[in-house]
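Please open the model in your viewer and keep the sequence panel beside it. The stops below are given in the order in which to select them.

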Amino acid sequence: MNAVKVRFRNGTNKKIRLTQPLITFICPIEVEVGEYVVVETGQPHKKHSDENFRVGRVEEIFEGTELIKKERLYHFVLSKIDVDDFDRQCRKISILKYKIRAKYREAKKQKIESMKSTADKD
């Protein structure tokens with residue numbers, strides 16, 4: 001079994017920075033450096049802590065179980081994300097979110113204007 005070091009992706013708008021900490025996970029599946037993975041997070045002694053998931057990019061891979069024993073690792077890599085270009089997909093989603101928010105703002109403005117116009121008629 002291998003161990004991998006991962007940097008987390010925090011939403012679709014924020015890129016992974018080199019200053020983000022590397023977190024180590026047990027990896028029972030085959031992954032390569034640069035691939036995005038789903039990992040379980042949380043604290044092992046808290047109730048419902050195993051129910052949290054995050055997405056991260058694999059930065060380093062360590063062979064064998066020495067690192068697992070040394071760092072007393074608890075959490076696992078669950079699966080790879082099979083998207084050809086995950087960063088590009090995140091940018092597309094960010095653009096779609098912006099367009100949807102713009103439509104909501106426009107609908108809200110129209111509603112306020114119609115309320116003002118009906119209030120002026122009274």
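A residue is called buried under 20% relative accessible area, exposed over 50%, and partly exposed in between (1.4 Å probe, protein chains only). This is a predicted model, in which local features need pLDDT of at least 70 and side-chain atom pairs count only at pLDDT 80 or more, while totals for chains, interfaces and linings use all residues. Residues are numbered from 1 along each chain as its sequence is written, and side-chain values use heavy atoms, with hydrogens and water left out.

Select Leu-78 to begin: with 40% relative accessibility, Leu-78 is partly exposed, and it belongs to strand β5, residues 77-80 (strands are DSSP runs of E, at least two residues; helices are runs of H or I, at least four; both are numbered from the N terminus). Leaving aside residues up to four places away in sequence, show its contacts (heavy atoms within 4.5 Å), which are Ile-29, Val-38, Val-39, Glu-40 and Phe-53.

Which aromatic pairs come next? The whole structure holds two aromatic pairs (ring centres of Phe, Tyr or Trp, the latter by its six-membered ring, within 6.5 Å; planes under 30 degrees apart are stacked, over 60 edge-to-face, the rest tilted). Select Phe-8 and Phe-25, whose ring centres are 6.0 Å apart with planes at 65 degrees, so this pair is edge-to-face. Phe-8 lies in strand β1 (residues 2-8) and Phe-25 in strand β2 (residues 23-27), 17 residues apart.

Finally, select Tyr-36 and Phe-86, a tilted pair with 4.6 Å between centres and 40 degrees between planes; Tyr-36 is in strand β3 (residues 36-41), whereas Phe-86 is in helix α2 (residues 86-121).
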